[in-house]
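This report goes through selected features of one protein chain: aromatic contacts, cysteines, strand pairing and one helix. Please read it alongside the sequence and the 3D view.

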Amino acid sequence: MIILKSSQEIDRMRISCRAVAEILKLLKKSIQPGISSLELNAMAEREAAKLGAKTAFKGYGGYPYSLCCSVNNQVVHGMPTQRELISGDIISIDFGLVIDGFYGDAALTIPVGTVSETATKLLKVTEESLYVAIKQAVAGNRLSDISHAVQACVEAQGFSVVRDFVGHGIGRNLHESPQIPNYGPPGRGVKLKPGMVLAIEPMINELKPDVKVLEDGWTAVTVDGGLSAHFEHTVAITQNGPEILTTL
């Protein structure tokens with residue numbers, strides 16, 4: 001069931017979402033060769049504690065960390081490690097908070113040092129597909145208009161859309177209905193209404209869309225070893241169009 005948010009609830013969501021954006025901005029500035037994803041996880045937890053916020057992922061389904069850190073061919077749900085990042089890596093960081101009972105969730109992929117032209121293009125196209133999708137998050141559109149926008153943008157540039165993982169509704173729970181695939185024909189699914197809040201998150205592969213989950217039960221990687229990128233915003237549908245909540 002889709003949960004419609006009152007204006008007061010969305011005001012409260014703005015607080016948690018802005019905090020997510022602030023911490024991701026700090027993490028992005030800290031990413032450079034020599035830092036480990038475990039250090040980034042600790043930094044995120046310290047900043048959340050300063051705000052009196054609870055991290056959304058730690059303990060969710062048994063996940064042991066507050067950040068998801070997916071490096072190079074890792075697609076999503078990568079666990080932080082002691083491995084130091086090196087120039088040429090790309091790292092996707094996915095982070096969520098809950099404040100006063102409301103969730104915020106966002107992700108971005110960051111180049112480490114100097115990266116390849118392919119990696120640069122992959123990051124650019126994946127982020128572009130997110131904003132193209134957000135433009136479709138307007139009252140009166142159908143859910144799959146968002147999905148189709150991602151797929152059309154990405155495949156036109158020669159990349160592929162991950163099928164195994166999707167975006168989602170968000171609010172009083174981290175994952176709410178509806179699920180939001182990043183592919184499919186337009187004009188299908190539920191009609192979008194003001195008050196809906198969606199976590200829109202393209203996950204895009206350099207080569208083929210196929211992924212597999214490693215033995216840790218969490219880390220998803222590309223089957224062919226190609227790079228993968230991930231961008232996400234929490235977006236409210238309003239009478240005046242989409243409002244990106246996880247931005248500064």
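## Aromatic contacts

The count of aromatic pairs comes to 2. The model is a predicted one, and each value below is computed from it. One of the pairs joins Tyr63 and Tyr65, which meet edge-to-face, with 6.1 Å from centre to centre and 70° between the planes. The rings of Tyr63 and Trp218 have centres 5.0 Å apart and planes at 75°, so this pair is edge-to-face as well. Tyr63 belongs to the loop between strand S1 (54-55) and strand S2 (67-71), whereas Trp218 belongs to the loop between strand S11 (211-213) and strand S12 (220-222); the pair therefore ties together parts that are 155 residues apart in sequence. Through these ring pairs, Tyr63, Tyr65 and Trp218 are linked into a cluster.

How do the residues of the cluster and the two cysteines discussed next stand in terms of accessible area? The table lists them.

| Residue | Relative accessible area | Class and citation |
|---|---|---|
| Tyr63 | 3% | buried |
| Tyr65 | 23% | partly exposed |
| Trp218 | 23% | partly exposed |
| Cys68 | 5% | buried |
| Cys69 | 1% | buried |

A further ring contact involves a charge: the charged end of Arg163 sits over the ring of Tyr183, at 4.6 Å from the ring centre.

## Cysteines

How many disulfides are there? The count comes to 0. Cys68 is in no disulfide, and the nearest cysteine sulfur, that of Cys69, is 7.5 Å away. Why does Cys69 not bond to Cys68? A disulfide is a covalent bond between the sulfur atoms of two cysteines. The cut-off for such a pair is within 2.5 Å. The closest cysteine sulfur to that of Cys69 is in Cys68, at 7.5 Å, and this is too far for a bond. Cys68 is buried, with a relative accessible area of 5%, and Cys69 is buried at 1%.

## Strand pairing

Strands of a sheet pair through backbone hydrogen bonds, either parallel or antiparallel. Here an open sheet is formed by 3 strands in the order S3-S12-S11, with antiparallel pairing. Strand S3 (74-76) and S11 are the edge strands, each pairing on one side only. On average, neighbouring strands of this sheet are turned by 40° against each other, direction ignored. Between S3 and S12 the antiparallel pairing covers 2 bridges. Val76 has Ala220 in S12 as its bridge partner.

Another antiparallel pairing involves strand S14 (residues 233-238) and strand S15 (residues 241-244), joined by 4 bridges. S14 and S15 make a hairpin, with 2 residues between them. Which residue of S15 is the bridge partner of Val235? That partner is Ile244.

## Helix H4

Helix H4 (residues 143-155) has 13 residues, which at 1.5 Å a residue should span 18 Å; the end C-alpha atoms are 19 Å apart, in agreement with that span. Is H4 mostly covered or mostly open? H4 is mostly covered, as 10 of its 13 residues are buried. The buried residues of H4 include Leu143, Ile146, Ala149, Val150 and Val154, and among them are also Ser144, Asp145, Ser147, Gln151 and Cys153.

Note on methods
Residues are numbered from 1 along each chain as its sequence is written. This is a predicted model: local features need pLDDT of at least 70, side-chain atom pairs count only at pLDDT 80 or more; totals for chains, interfaces and linings use all residues. Side-chain values use heavy atoms; hydrogens and water are left out. Buried means under 20% relative accessible area, exposed over 50%, partly exposed in between (1.4 Å probe, protein chains only). Rings of Phe, Tyr and Trp (its six-membered ring) pair if their centres lie within 6.5 Å; planes under 30 degrees apart count as stacked, over 60 as edge-to-face and the rest as tilted. A charge sits over a ring if NZ of Lys or CZ of Arg is within 6 Å of the ring centre and within 35 degrees of the ring normal. Two strands pair if DSSP finds at least two bridges between them. Axes are lines fitted to C-alpha atoms, for helices over the stretch in contact, and angles run from 0 to 180 degrees between N-to-C directions. The expected span of a helix is 1.5 Å times one less than its number of residues.
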